[in-house]
Amino acid sequence: MSVVGTGAIETAGIPHPRWRVPVLGDVVGVRPSTIVQDSIRIGRELGPIFRRKLLGFEMVFASGAEMVAELVDESRFGPARGPGVDYLRNIAGDGLFTAHNDEPNWRLAHDILMPAFTQKAMRAYHSTMLDVAGELIESWDRRVGRAAVDVAADMTRVTLETIGRAGFGYEFGSFRRERPHPFVAAMARCLRHAQRVNVRVPGLGRPGDRRYRADAAFMAGVVDEVIRARREAGDRRTDDLLGLMLNTAHPDSGEPLDEVNIRNQVITFLVAGHETTSGALAFALYYLSRDPAALSRAQAEVDLAWGERERPEFEQVAKLRHVRRALDEALRLWPTVPGFARQAREDTVLAGRYPVRKGQPLIVVLPLLHRDPVWGVDADVFDPDRFAPDRVRNRPAHVYKPFGTGLRACIGRQFALHEAVLVLGLLLRRYRPRVTPGYQLRVRELLTLKPDGFALELEHRKIGAH
């Protein structure tokens, strides 16, 4: 999440950082690499609504539970272009994540792809998820007692390989490579560059623009090869994302997706479909490895639910309720997509005090919303029991939004959750993880969030040994 230009907006009465500099704006203490964490700090100082201004552009941020209750009200507010979306369109065009609300391809692709995320589809993906997780386990087995594992890198490998195979029938060979697939390296550079230039002066270039364009072209070339291979095989199946896009049309209009949009959708799912899940897995492993009681409880649950079974059935994944709660709690503390944008449908007043013009965007800062006082005085503490059924029922639904809200909420949420709980269960069943000595959590921001420099030392465990 980062600041982008929005033009003149109503900001009377909304606080801003005190060291505002004429023309430049709120540049004191700004670090392009920690925009989200800086916003958390500013929000804690200024309260549930604040504004930030950089180089003449101003954006309003909101995080209070009562304000967000209004912002997610579809009768008053709708989806807006989120921070960074314009620059990411150079990578993903009018894919589901980067398309504007009024672009017809958004609704067209959304409706065509919905069957890919039904329970029937999830069952079909389950075996592929198990196969890829097995390759991760083979890789980790070779490191037990010898060297720590780079958690973020390996979670990237497992989630990229899973979406590649399950969604597009394409193997990246992630666990046969000593270094990440070049697609991952190009993607990381693109996201890093987009993070740096989201605050930009119109008409001026930025260092790295040429490399950015080259990386975007390389990613497009990889995707073109994925599509070409499927077409040349004469494959007419419709049981994955690519098959639906190539071989089906809109259920009502009969309109198919065009070739360029298919490419954009594949890039979108390859990036968003693995980047967010890998971060969620890494944060969950961090918190569980630092909490012996929660770790032991999760491992006992896996042992009881799965027993000696090396490849759990689809239905057995949903039995891991405590593992799921640990994942939910990690996403509460560090939602990998740290915000979403909303805009007023008509001129209105937010919280009975702040005028909001029609079309004015506001950014919901999720790490602040997820630490709102409604979560209790210990909101910074990892506690999976916050997601026990009775506590969930007694808490407003709108205070937990790691997958966004409304029509622009993550279409692949169920895919991500099933994959993440499955992978977590398999790893917790097999290993006793320990954070490398001296490590303190650092968060890396590349538009999504991940632990930085987080490694685990592993030892094998026996079922029932907690």
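**Reading the labels on this model**

Student: Why is C190 called buried?

Tutor: C190 has a relative accessibility of 0%. Buried means under 20%, so C190 counts as buried. Keep in mind that this is a predicted model.

Student: And what makes C410 partly exposed?

Tutor: Its relative accessible area is 38%. Partly exposed lies between 20% and 50%, so C410 gets that label.

Student: How many disulfides does a search of the whole structure find?

Tutor: The count is 0. A disulfide would need a pair of cysteine sulfur atoms within 2.5 Å.

Student: Let's zoom out. What makes the protein chain as compact as a globular protein of its length?

Tutor: First, the make-up: the chain has 16 helices and 12 strands. Its radius of gyration is 22 Å, and the globule rule gives 23 Å for 466 residues; those values are close, so the chain is as compact as a globular protein of that length. The C-alpha trace spans about 60 × 55 × 45 Å along its principal axes, and 56% of the 466 residues count as buried.

Student: What makes R263 and D224 a salt bridge?

Tutor: Their closest N and O atoms are 2.9 Å apart, and the cut-off is 4 Å, so the pair qualifies. R263 sits in helix α10 (residues 259–289) and D224 in helix α8 (residues 209–232), so the bridge ties together parts that are 39 residues apart in sequence. R263, at 28% relative accessibility, is partly exposed, and D224, at 23%, is partly exposed too. The structure holds 43 salt bridges.

Student: D240 and R237 also meet in a salt bridge. Which of the two is buried, and how do you know?

Tutor: D240 is, with a relative accessible area of 1%, against a cut-off of under 20%. R237 has 31%, so it is partly exposed. The N to O distance is 3.6 Å, within the 4 Å limit. Both residues belong to a network of salt bridges that links R230, D235, R237, D239 and D240.

Student: What about D378 and R386, buried or partly exposed?

Tutor: R386 is the buried partner, with a relative accessible area of 1%, while D378 has 32% and is partly exposed. Their side chains meet in a salt bridge at 3.3 Å, N to O.

Student: Now the sheet with the order β4-β12-β9. Why do β4 and β9 count as edges?

Tutor: The 3 strands form an open sheet with antiparallel pairing. β4 (149–150) and β9 (431–435) each have a single partner strand, so one side of each is left without a neighbour in the sheet.

Student: How do you know that β9 and β12 pair?

Tutor: They share 5 bridges in the antiparallel sense, and pairing takes at least two, so they pass. R432 stands opposite E459 in β12, and P433 has L458 as its bridge partner there.

Student: Which β9 residues make up the covered face?

Tutor: Y431, P433 and V435 do, while R432 and R434 form the uncovered face. In a regular strand, side chains alternate between the two faces of the sheet.

Student: Last one: why is L24 called partly exposed?

Tutor: L24 has 39% relative accessibility, so it counts as partly exposed. That value is also over the 30% a patch residue needs. L24 lies in the segment before α1 (35–46), and with W19, V23, V27, V28 and L55 it forms a nonpolar surface patch of about 570 Å² accessible area together.

Terms used
Residues are numbered from 1 along each chain as its sequence is written. This is a predicted model: local features need pLDDT of at least 70, side-chain atom pairs count only at pLDDT 80 or more; totals for chains, interfaces and linings use all residues. Side-chain values use heavy atoms; hydrogens and water are left out. Patches are made of residues with over 30% relative accessible area and no salt bridge: like charges are joined within 9 Å, nonpolar side chains (Val, Leu, Ile, Met, Phe, Trp, Tyr) within 5 Å. Accessible areas come from the Shrake-Rupley method with a 1.4 Å probe; for residues, only the protein chains shown count as cover. Helices (H or I, at least four residues) and strands (E, at least two) are DSSP runs, numbered from the N terminus. Buried means under 20% relative accessible area, exposed over 50%, partly exposed in between (1.4 Å probe, protein chains only). The radius of gyration is taken over C-alpha atoms; the globule rule is 2.2 Å times the number of residues to the power 0.38.
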